[in-house]
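Welcome! Please take a moment with the sequence and the structure before reading on.

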Amino acid sequence: MSHVHKNSCRVCKGMDLTRILSLGEHPPVDNFIDVEHINDEKRYPLDVYFCGTCNLVQLLDVVAEEKLFHGDYAYFSSASKPLVDHFRSYADDLQKENLTEGDLVVDIGSNDGILLQNFLEKYHVLGIEPSGNVAEAARKKGIETTDGFFTVEMAKKIVETHGKAKVVSANNVFAHIDNLDEIVRGVQELLTDDGVFVSESHYLLDLVEKLEFDTVYHEHLCYYSVKPLQRLFERFDMEVSDVRRVDVHGGSIRVYARKKSGAVALSVQELLTLEANAGLHTLERFDSFQKDVEAVRDTLVTLVRRFRAEGKVVTAYGAPAKGNTLLNFCEFTADDLKYVTDTTSYKIGLLTPGSHIPVVSPDILRTETPDYILLLAWNYRDFILEKEKELRERGAQFIIPIPNVEIV
Ligand code: TMP
Ligand code: ZN
């Protein structure tokens, strides 16, 4: 089966689920393709639901892993310099607050080692990464990396071979997990009694307030807020012990969870209150969500089509996963956007899924000057605007799609 539609909530198993956003049918965002495979492309529903019981916002249409990624995985975290810096400071926090020299740190979904590379000197590290090509990049940096998906069984094996972990992390991957129970059970097995599970995911409050609809794609099954996470960990005799908002990927939440001890930071209640005041625990908050998202789309489409009608050259910058949701929801094609530049060598030479826009090396921008460039990697806005100063001086203007459509 390539896709299933669930009818119960991932966290509380309740069935009081209401659709709050429908983006139509989309191909998986990481399936960059070559011309020969255009006709093989499959689309799946991209609809977001709200659980009336625990308030988890989630997708119920689950696309099989082998359909989400054909062949190699296209995403290398370290392709984005600001992300490398972010994970360095994240690692500093963990060293100061949670680790003692010689401790074991296990990272679930360790990608190319972007977090663990910071721990190599003083700690034992183990990455878990199911994508062979990405895991290989981590090993080249000297990071021991296990292939496969994290399970209770894998956790038990790690304890046998490496001992228990003081920190288990899962960043930009905890929201990708369909079977949360299995992961939390595995984490319980793996953690020392005073250990901490720490996880960063895109934050629902940012998504809703800034209409970051493009962060919705099939890989992102959950759009977390504190309330449902508390409920999840409680079911396993653990508790959310600390939370922080972090300015990465358009606004994320870092959640710390421990085996129950009652030591809960004030930040947990503070963020819960913020969420409640923002209406995130009520269905009514999402009444106009669909309409608001469509308004952003319409503004963008009108703008790009107007520039094209004036004979301007419009391209796109960055081919992140979320860019593909935006391109497909706007129904942009290579007639609208001539090409998209991306620093990931794996993506260069392929076409974006669904919209079939050629991905090219950013080197092209050293000789060509598009009139307008749609910034799909808008989460790196400041970094990219600074980096592309010379291009902007030559006359290229950036269209920023989110959080507000702007031309700079
Ligand atoms: P991310 O937002 O999920 O980290 O993905 C960002 C994508 O944008 C990734 O494919 C790399 C690409 N990118 C560029 O092409 N140029 C840049 O300057 C940056 C920061 C990212
Ligand atoms: Zn629920």
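What follows is a short tour of the domains, one contact between them, and a few backbone details.

**The domains**

Keep in mind that this is a predicted model. The protein is divided into three parts: domain 1 covers 3-62, domain 2 covers 77-286 and domain 3 covers 298-407. From C-alpha centre to C-alpha centre, domain 1 and domain 2 lie 22 Å apart. Their contact takes 27 residues from domain 1 and 26 residues from domain 2.

**Where domain 1 meets domain 2**

The size of an interface is often given as the accessible area lost when the parts come together. Here domain 1 and domain 2 bury about 2,200 Å² between them, and 67% of that area is on carbon and sulfur atoms. On the side of domain 1, the residues that lose the most area to domain 2 are Arg10, Val11 and Asn55. Together these residues account for 25% of what that side buries.

Polar links join the two domains as well. Between domain 1 and domain 2 there are three salt bridges, and nine residue pairs are in polar contact, both residues at pLDDT 80 or more. Which strands supply at least two residues each of the side of domain 1 that touches domain 2? They are β2 (17-26), β3 (44-51), β4 (57-59) and β5 (61-63). The largest share, five residues, comes from β3. Sorted by class, the side of domain 1 that touches domain 2 has 17 nonpolar, five polar and five charged residues.

For a salt bridge to find in the viewer, look at Lys13 and Asp181: their side chains meet at 3.5 Å, N to O.

**Backbone details**

Most residues other than glycine have a negative phi, and most peptide bonds are trans. The table gives two residues with a positive phi.

| Residue | Phi | Loop |
|---|---|---|
| Asp237 | near 60° | between α7 (226-234) and β12 (238-246) |
| His249 | near 55° | between β12 and β13 (252-259) |

Is Asp237 buried or exposed? Asp237 counts as exposed because its relative accessibility is 52%, and the cut-off for exposed is over 50%.

One more backbone detail concerns a peptide bond. The bond from Ile402 to Pro403 is cis, with omega near 5°. Pro403 is found in the loop between β18 (397-400) and β19 (406-407).

How values were computed:
Residues numbered from 1 in each chain as written. Chains lettered and ligands numbered in written order. Predicted model: local features only at pLDDT ≥ 70, side-chain atom pairs only at ≥ 80, totals over all residues. Heavy atoms only, no water. Helix = DSSP H or I, 4+ residues; strand = E, 2+ residues; numbered from the N terminus. Buried < 20%, exposed > 50% of the residue type's maximum accessible area, 1.4 Å probe, protein only. Domains from an automatic or database assignment. Contact = heavy atoms within 4.5 Å. Buried area = accessible area lost by both parts, 1.4 Å probe. Salt bridge = Lys/Arg side-chain N within 4 Å of Asp/Glu carboxyl O. Polar contact = N/O pair within 3.5 Å; in protein donor to acceptor, adjacent residues only side chain to side chain. Nonpolar A, V, L, I, M, F, W, Y, C, P; charged D, E, K, R; others polar.
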